[in-house]
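Good morning, everyone, and thank you for making time for this. I would like to walk through one structure with you, slowly enough that those who are new to the subject can follow each step.

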Amino acid sequence: METYTLSLALVDFLPVLFAAIGLYFIVQMVAHVNSHQGRVAAVGVLLTVAGGLSKASWKLVMALSQGQVNLTVLDDALFVLMAPGYTLIAWSVWQTSRMVRQQKTFHTWFPPVTLIALTFAGSIALYVAYPSSPAWERLLLSVMVLATTVTCVLLIIFAFRQNLPLAGWLLILNLLGVFTLNGMARMEQTIMLQWFEQSINALSWLVFWFATSRMYWYVRDNFSVGSMRTVQAVSA
């Protein structure tokens, strides 16, 4: 792999910024419907954004040092933080979707925290058993990709059910961008390819930001907090 350039490393912060703003609207949307799930989503977003910033910071350090300083802890933090982060986001979005449809919801924290604990237990076990293998990292990556996909699919379904086709199609574009980047990550990472990847990544999260902002404004204008109080008590 070629050394990261400073300009490429700086541009890597753009998709993190766009994703952070888009996820902020998700937190606001969820919290408007259910304050308890809003807290779950907020913790998930903080972990997810921290993971993205860690990865971008790793690239920046690599660029500034011309590849001489490799802080692997920043690189690994992408999966360590994003796997639980997106698990919490996916859970809160699913719970909120069920609440809007007046369906039964479940305990606020126990199911996602249990899943996260099992994931880390499995990852740690793999690291102890095979310290030189990336198996522990691949487990976290698999959970992160699955939770990211589930979150996006839930948002797409919610958008179309609420007659928000533009938001739905933009979220589909975002999901296609995620799948495309996952495929391109297996290719030889030249500087030119990384510029192409960063362009797709930035555009993908920019449309995500636009889509989630429209969804939040819709929920804010069409669902009153008071009408959700009875259902909130079920999931507390």
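I will talk about helix packing, then salt bridges, then the surface, and finally a few pairs of residues that are far apart in sequence. Please keep in mind throughout that this is a predicted model.

Let me begin with two helices, H2, which covers residues 13-33, and H3, which covers residues 35-64. How do they pack against each other? Their axes are 8 Å apart and the angle between them is about 175 degrees, which makes H2 roughly antiparallel to H3, since angles over 145 degrees are put in that class. If we then ask what kinds of residues make up this contact, we find 15 nonpolar and six polar ones, with no charged residue taking part.

From there I would like to turn to charge. Side chains of opposite charge can pair when their charged atoms come close. How many salt bridges does the structure hold? There are three, and I will take them one at a time.

In one of them, the side chain of aspartate 12 meets that of lysine 59, with a distance of 3.7 Å from N to O. Aspartate 12 sits in the loop between H1 and H2, while lysine 59 belongs to helix H3, so this pair ties together parts that are 47 residues apart in sequence. Both aspartate 12 and lysine 59 are buried.

Another salt bridge joins lysine 55 and aspartate 75, here with 2.5 Å from N to O. This pair, too, links distant parts of the chain, because lysine 55 is in helix H3 and aspartate 75 is in helix H4, 20 residues apart. Are these two residues buried or exposed? Lysine 55 and aspartate 75 are both buried.

The remaining salt bridge is between aspartate 221 and arginine 220, whose closest N and O atoms are 3.3 Å apart. Aspartate 221 is exposed, with a relative accessible area of 55%, whereas arginine 220, at 40%, counts as partly exposed.

Now to the surface itself, where Leu6, Leu10 and Leu64 form a nonpolar patch with about 300 Å² of accessible area together. Leucine 64 is part of helix H3, and why does it count as exposed? Its relative accessibility is 59%, and the class of exposed residues begins over 50%.

Finally, let me mention three pairs of residues that show how separation along the chain can be set beside distance in space. Tyrosine 4, in the segment before helix H1, is buried at 8% relative accessibility, and its C-alpha atom lies 9.3 Å from that of valine 61, although the two residues are 57 apart in sequence.

Arginine 101, which is found in the loop between helix H4 and helix H5, counts as partly exposed at 40% relative accessibility. Its C-alpha atom is separated by 10.0 Å from that of phenylalanine 158, which is 57 residues away along the chain.

The last of these pairs starts from alanine 31 in helix H2, a residue that is partly exposed at 33% relative accessibility. Between alanine 31 and threonine 151 there are 16 Å from C-alpha to C-alpha, with a separation of 120 residues in sequence.

That is where I will stop, and I am happy to go back to any of these residues on the screen.

Methods
Residues numbered from 1 in each chain as written. Predicted model: local features only at pLDDT ≥ 70, side-chain atom pairs only at ≥ 80, totals over all residues. Heavy atoms only, no water. Patch = residues over 30% accessible without salt bridge, like charges linked within 9 Å, V, L, I, M, F, W, Y side chains within 5 Å. Areas by Shrake-Rupley, 256 points an atom, 1.4 Å probe, with all protein chains shown as cover. Salt bridge = Lys/Arg side-chain N within 4 Å of Asp/Glu carboxyl O. Helix = DSSP H or I, 4+ residues; strand = E, 2+ residues; numbered from the N terminus. Buried < 20%, exposed > 50% of the residue type's maximum accessible area, 1.4 Å probe, protein only. Axes fitted to C-alpha atoms, helices over the stretch in contact; angles between N-to-C directions. Parallel < 35°, antiparallel > 145°, perpendicular 65-115°, else oblique. Nonpolar A, V, L, I, M, F, W, Y, C, P; charged D, E, K, R; others polar.
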